[in-house]
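Please look over the chain below before reading on; the paragraphs that follow move from its strand pairing to the chain as a whole.

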Amino acid sequence: MKTEKTTPEARALLGWMAEALRAKQGRDILAFDARGISGVADYYLLVSALSTPHIKALYNAVRMDLKKRGAACHRKSGAPDSGWIVADYLDVVLHIFNRETRGYYNLEGLWAAMPRMDV
């Protein structure tokens, strides 16, 4: 399991993702601090999209911005048509949802024990 310590790079990665999402009008951006709770990642980042093309635009904005900074996506799952894309950047896992899918899976409720963060 990960410790409560994190690298400055992980926190920077989270901030860069949030900036890219805001630049493309991502909605309801919410970050969770999973250090010491999850063995998967230090942070989880959730964002809502307004449409299928918006999901694609949000994912591409993050991917291209982080690629310029030298950070590559380790694994991606889902597709815009499914209403949910998960992008694993190892220390940060990004979830891009349409509103309906985000409400259905209610990760905010599942992760209620994790501290929320300002990004």
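Two strands are said to pair if DSSP finds at least two bridges between them, and the strands themselves (E, at least two residues), like the helices (H or I, at least four residues), are DSSP runs numbered from the N terminus. The model is a predicted one, in which local features need pLDDT of at least 70 and side-chain atom pairs count only at pLDDT 80 or more, while totals for chains, interfaces and linings use all residues. Residues are numbered from 1 along each chain as its sequence is written, and side-chain values use heavy atoms, with hydrogens and water left out.

A convenient place to begin is strand 2. Strand 2 and strand 5 (residues 92-98) pair in the parallel sense over 7 bridges; within this pairing Tyr44 stands opposite Val93, and Val47 has Ile96 as its bridge partner. Strand 1 (residues 27-33) is joined to strand 2 by 5 bridges and runs antiparallel to it, with Asp33 standing opposite Tyr43.

Burial, meaning under 20% relative accessible area with a 1.4 Å probe and protein chains only, as against exposed at over 50% and partly exposed in between, marks both of the strands in the parallel pair. In strand 2 (residues 43-49), 7 of the 7 residues are buried, so this strand is largely enclosed by the rest of the structure. Tyr43, Leu45, Val47 and Ala49 point one way from strand 2, whereas Tyr44, Leu46 and Ser48 point the other way, and all are buried. Strand 5 has 6 of its 7 residues buried, so it too is largely enclosed by the rest of the structure.

Strand 5 also pairs with strand 4 (residues 84-88), here in the antiparallel sense over 5 bridges, and Ala87 of strand 4 stands opposite Leu94 of strand 5. These two strands form a hairpin with 3 residues between them, and Leu90 in the turn has a positive phi of about 70 degrees.

Turning to the whole chain, there are 4 helices and 6 strands, which from the N terminus on run α-β-β-α-β-β-β-α-α-β. The radius of gyration is 13 Å, close to the 14 Å that the globule rule gives for 119 residues, so the chain is as compact as a globular protein of that length; the radius is taken over C-alpha atoms, and the rule is 2.2 Å times the number of residues to the power 0.38. Of the 119 residues, 43% count as buried. Among contacts (heavy atoms within 4.5 Å) with a separation of 6 or more, residues 24 or more positions apart account for 63%.
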